[in-house]
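Hi everyone, thanks for making time this morning. I'd like to walk you through one model, going from single residues to the overall layout.

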Amino acid sequence: DRHVLELLRGERLAPPPELPPAVFTAAEAELHQAGADAATPQAIASADRRWDRVAPGLRQSVLAIHQAMARQGYRMVLVEGYRSPERQAALARRGSGTTLAGAGRSCHQYGLAVDSALYRDGRLQWDMDDPWTRRGYLLYGRLAVDAGLEWGGNWRRLRDYVHVEMRDACRRARRAAGY
C-alpha cells in the first residue's frame, strides 16, 4: 500500500491516546462469555499496551498501518505489545487455542510483535463472521504483509488475525536469548 510505504519512509508517527481501561475489561468479559476462539487474544484487560515497549521499527510500521486503516474507515487499537516471560508462560498453560509459544519463544517478549484490534461503536471487534470485521482484518493483514511484517492470519496451525510481528528480527532475538 503506497500510503504505508510513504509513511514508513517519512514522518515519525506518535501513538494515539489510550482508550479507557474499561474498554478492555468489557472486551475480555465478552470474550469469556462467547467462548473466544483463536482469532482473539486472551486476558486482554491486563495486557501491556505501552507503545514505548514495542521496538521502534515495529512501532512505526504498525502506526502507519493503523493510519492507513483509518483512511479506509477502520479504527485500530493496540491490544497488547510487550509480554513478560511470566505472562507468556501463563498464556501457554491455557492451551493451544491461546498460543503455541512458551516463555522465551514469543516475539511479544522481545517487543517485536503486537496484537491490534478493530474498534467500532465503543467496542473491540473480533467476530470474523461479521463481514465488516472480516474485511477489516483481511485489510490489516494485507497492509502488514506489504509493510514486511508477518501476519498471524496467514498461519496454518493457529490463525491469529490481530497479530503482526517482525519475524526475522524475532528469530535473531530468540537465538541471542538462547531459544
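Before we start, one cut-off: a residue is called buried when its relative accessible area is under 20%. Please also keep in mind that what you see is a predicted model.

With that cut-off in hand, take Tyr-74. Is Tyr-74 buried or exposed? Its relative accessibility is 8%, so Tyr-74 counts as buried. Across the whole protein chain of 179 residues, buried residues make up 50%.

Now the general layout. The chain has six helices and five strands. Read from the N terminus, the order is α-α-α-β-α-β-β-α-β-β-α.

Let's look at two of the helices, starting with H3. This helix has 16 residues, and at 1.5 Å a residue it should span 22 Å; the end C-alpha atoms of H3 are 23 Å apart, which agrees. Its buried residues include Leu-58, Val-62, Ile-65 and Met-69, and also Arg-59 and His-66. After H3 comes Gly-73, with a positive phi near 90 degrees.

Helix H5 covers residues 131–146, and the expected span for its 16 residues is 22 Å. Its end C-alpha atoms are 22 Å apart, so the geometry agrees with that expectation. Among the buried residues of H5 are Trp-132, Tyr-137, Tyr-140 and Leu-143, along with Gly-136 and Gly-141. Just past the end of H5, Gly-148 has a positive phi too, of about 90 degrees.

On to the rings. How many aromatic pairs does a search of the whole structure find? The search gives two. One is formed by Tyr-74 and Trp-132, a tilted pair with 4.7 Å from centre to centre and 35 degrees between the planes. Tyr-74 belongs to the loop between helix H3 and strand E1, while Trp-132 is part of helix H5, so this pair ties together parts that are 58 residues apart in sequence. Trp-132, like the tyrosine we began with, is buried, and its relative accessible area is 16%.

The other pair is Trp-151 with Tyr-161: the ring centres are 5.8 Å apart and the planes are at 55 degrees, so this pair is tilted as well. Trp-151 sits in strand E4 and Tyr-161 in the loop between E4 and strand E5, ten residues apart. Both Trp-151 and Tyr-161 are buried.

There are also arginines placed over rings. The charged end of Arg-49 is over the ring of Phe-24, 3.6 Å from the ring centre. Arg-53 lies over the face of Tyr-82, and here the distance to the ring centre is 4.0 Å.

Phe-24 and Arg-49 turn up again in my last topic, the cavity, as both are in its lining. The structure holds one cavity of 30 Å³ or more, and the largest cavity contains about 130 Å³ of space. Which residues line the largest cavity? Besides those two, the lining has Pro-16, Pro-17, Glu-18, Leu-19, Trp-51, Arg-75, Met-76, Val-77 and Leu-78. Strand E1 gives the largest share of that lining, with four residues. Sorted by class, eight of the lining residues are nonpolar, three are charged and none is polar.

That's the tour. Happy to rotate the model for anyone who wants another look!

Definitions and conventions. Residues are numbered from 1 along each chain as its sequence is written. This is a predicted model: local features need pLDDT of at least 70, side-chain atom pairs count only at pLDDT 80 or more; totals for chains, interfaces and linings use all residues. Side-chain values use heavy atoms; hydrogens and water are left out. Helices (H or I, at least four residues) and strands (E, at least two) are DSSP runs, numbered from the N terminus. The expected span of a helix is 1.5 Å times one less than its number of residues. Buried means under 20% relative accessible area, exposed over 50%, partly exposed in between (1.4 Å probe, protein chains only). Rings of Phe, Tyr and Trp (its six-membered ring) pair if their centres lie within 6.5 Å; planes under 30 degrees apart count as stacked, over 60 as edge-to-face and the rest as tilted. A charge sits over a ring if NZ of Lys or CZ of Arg is within 6 Å of the ring centre and within 35 degrees of the ring normal. On a 1 Å grid over the protein atoms alone, a cavity is a set of points where a 1.4 Å probe fits but cannot get out, and a pocket is an open set with protein on both sides within 12 Å along at least five of seven lines; lining residues have an atom within 4 Å of a point. Grid points are joined across faces, edges and corners, and a volume is the space filled by probe spheres set on the points. Ala, Val, Leu, Ile, Met, Phe, Trp, Tyr, Cys and Pro count as nonpolar, Asp, Glu, Lys and Arg as charged, and the others, Gly among them, as polar.
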